[in-house]
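The following numbered points are offered as a colleague's note on the structure shown below. They take up selected elements and residues in turn.

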Amino acid sequence: MGFLSCNAESTIATCDPYNWDCKSRKKKTNRNKPNKPFKIRDFTYPELLKATKGFSAESFLGKGSHGTVYKASLDDGKLIAAVKKTYRNPSISIHSNCTTCTTPAENEIEILSRIQHPRLVNLIGFCVDSKDRKLLVVEYMPNGSLYDLLHCSSRPPSWTRRIRFALQIAKAVQALHLANTPVIHRDIKSSNVLIDENWNARLGDFGLALRGHVEDVRVKCTPPAGTLGYLDPGYLAPSDLSTKSDVFSFGILLLEVISGRNAIDVNYSPPSIVDWAVPLIKRGDFSSICDHRIGSPVDPGVIKNLAILAARCVRSTTEKRPGMTEVVEGLKIISKRVHAPHIWNSLRRRVGLAEESRPFEAAIDSNEEVVNANKATSRVGSRRNRKVSSVSSVEFGNETIGWAGERVIRSKSIGSFGDTKLDGSESRRNASVAVKIPLVKLSKSRSTGVLHRSIKSREIEASISELLIRLDEKSEKEMQEKPLVISI
Ligand SMILES: Nc1ncnc2c1ncn2[C@@H]1O[C@H](COP(=O)(O)OP(=O)(O)OP(=O)(O)O)[C@@H](O)[C@H]1O
C-alpha cells in the first residue's frame, strides 16, 4: 500500500463527499452556533510584547513546527491568553499552488475567525508585526496537552478521564465537519489536544485545516498535509481528502488514548499503532492493548466497544469508517458505561452476558450493541429532538488495515512539505496486514434466547442512558452558556 509521498505536489484536496446530509447539517449547525456573534480583536505588537514580557523565556510555553507559543497577560491581567508567533518562511504555505498563498498562521486566523466552539482552542484576536508576520492570540490552556498527560505524566489519566477527553475531541471534530462550510482539521493528534482550566479537552492548531467545498480553488490546490503516524493512508490522490481522513487520525488518537503508546514507537513490534493494535483487537485480546499503567476498565464492555470503535476509524477503506456523528454517539454510550460500571456489570450478570469471555466476532455484535443501545437512547431522546446518525453495518471482512512507519517519537506536522525534512525511513511503508474474519452464525434457539434477554436489558440500559444523558446535557448546557474568554 502506497502511503504519503511527502512531496506530492500534484495531490489535490477536496472537501466532504461524506456526511453530506443537508437536513442534519442544518440542525447541527444551528445547535453548534454560538449564542452571540463573536468578535476577533486586533492587538498591537507593543501590546503583545508587553503581555509576554518581550517574548521572554519566562513566558515561553512551547515550540511547534511553525512557531513558538508564549503566555500573555492582557487587559491588565484580566485576560490570560497564549500568543503564537510563527516563523516567516515563504516556503511554508498550505496552498502552495495557488496565487493567494496562505501561511499556517493566516490559515488559522481565517478558519478560527469563522468558527467557535467550546471544544476548540478558540481565537481571541491577532496582530501583524512590522515584518508582516501574523501573531495569533488564542485561549490559554493551562493543563498542557493530551500528549503530555498520556506520555509524560507520572499520574496517567483514568479510564473515565480518557473516555471523556475522547468524547470531547470527537464532538469538536464533529462540529467542524458539520459546520455550514465544513472544516477538515488534517492534523488531529494528541499534541494538538490541549487541556483547559476545567480539565476539558480542546482541539487546537488549525494551521493545516481546510475550510471549503469541493469546488473551491484554494481547497483544490492544497497538497496533502498532516503528521506521520496519524495521516490517513488513503490520502494520496486529488480526490482523496474527506472528513474521513480526520476520522482516521481520530482513530489513531483513540488507540493512543487506550494504550498510552505513541502512534509510531520502535519499542513496540510492529512500531505502527495500527499494525500493533488492530490484530489484537481482531483476536479479541482487548486487555493487551490497554495502557498497562492503569489496566483494563472495570466493565469489560467498555474496552471492547472502545477498541472496536477505534479499529473501525482506522480501516483502510475510507467508506467503511464511521462518520464523526456515529463516533460521538458510540463514545457517549461508552462514557455512560464507564461512569456506572457497577450498574452495567450487575445488569450484564442478571441477563447473563459474560462479555469478557466472548471472542472478537461477538465483540462485533457488542459493537452493534453499542449502536443498538444508541438507537434505544435516540428513541428516548427523539422526544427531546435528539438526532442520531444513520448507522453503517458492522463488518470487518477481508480488509487491509494500516501501515508501519519506522521511527517517530514525537510526531510533527507536515505542512505543504516544502518545509519538511523527511528521511527515507520516515516515509517508507511496511507491508499491510490482511486478516479475514469469519462471521459467527448463531443457532436459532440461542439467538432467540439472547434476543429475548437483550431486549430486556436494553430497556433498562435505555433508562440508565436517559438518566445519564440528562446529567450530561445539564453539564454541557452549563458549559455552552459559559461566556468565552473574550474581553472586548
Ligand atoms: N493555547 C495554548 N495554551 C497553552 N499552551 C499552548 C497553547 N498552544 C500551544 N501551546 C503549547 O505550545 C507548544 C507548541 O504548540 P504548537 O501548536 O505550535 O505545536 P505542536 O502542536 O506541539 O507541534 P506541531 O506544530 O508540529 O503540530 C505545545 O506543545 C503546547 O504545549
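1. Helix 5, residues 159-177, passes a simple check of its geometry. Its 19 residues should span 27 Å at 1.5 Å a residue, and its end C-alpha atoms are indeed 27 Å apart, so the expected and computed spans agree. It should be kept in mind that this is a predicted model.

2. Helix 5 is also mostly covered, with 16 of its 19 residues buried. The largest nonpolar core of the protein contains 71 residues, and helix 5 supplies the largest share of this core, namely ten residues.

3. Which residues have the most contacts inside the largest nonpolar core? They are Phe-250, Ile-281 and Leu-331. Beyond four places in sequence, Leu-331 touches Ile-163, Ala-166, Leu-167 and Ala-170, together with Phe-250, Leu-254, Leu-306 and Leu-309.

4. A second core, separate from the largest one, has 14 residues. Phe-43, Leu-74, Val-83 and Ile-124 are included in this second core.

5. Lys-85 merits attention on account of its annotation: an unreviewed UniProt entry lists Lys-85 under "binding site". In the model, Lys-85 is placed in strand 4, which covers residues 79-86. Setting aside residues up to four places away in sequence, Lys-85 touches Tyr-45, Phe-55, His-66, Gly-67, Thr-68, Tyr-70, Arg-133 and Leu-135.

6. Gly-67, one of the residues touched by Lys-85, lies in strand 3, residues 67-74. Is Gly-67 buried or exposed? Its relative accessibility is 9%, and the cut-off for a buried residue is under 20%; Gly-67 therefore counts as buried.

7. The contacts of Gly-67, leaving aside neighbours within four places in sequence, are with Lys-85, Thr-86 and Tyr-87. Leu-135, which is also touched by Lys-85, is 68 residues from Gly-67 along the chain, and the C-alpha atoms of Gly-67 and Leu-135 are separated by 9.7 Å.

8. For the protein as a whole, the model has 14 helices and 14 strands. Of its 488 residues, 56% count as buried. Among contacts between residues at least 6 apart in sequence, 74% join residues at least 24 apart.

9. The accessible surface of the protein comes to about 21,100 Å². Carbon and sulfur atoms account for 53% of this surface.

How values were computed. Residues numbered from 1 in each chain as written. Predicted model: local features only at pLDDT ≥ 70, side-chain atom pairs only at ≥ 80, totals over all residues. Heavy atoms only, no water. UniProt positions renumbered as here; feature names shortened; annotations may be inferred. Helix = DSSP H or I, 4+ residues; strand = E, 2+ residues; numbered from the N terminus. Contact = heavy atoms within 4.5 Å. Expected span 1.5 Å × (residues − 1). Buried < 20%, exposed > 50% of the residue type's maximum accessible area, 1.4 Å probe, protein only. Core = buried A, V, L, I, M, F, W, Y, C linked by side-chain atoms within 4.5 Å. Areas by Shrake-Rupley, 256 points an atom, 1.4 Å probe, with all protein chains shown as cover.
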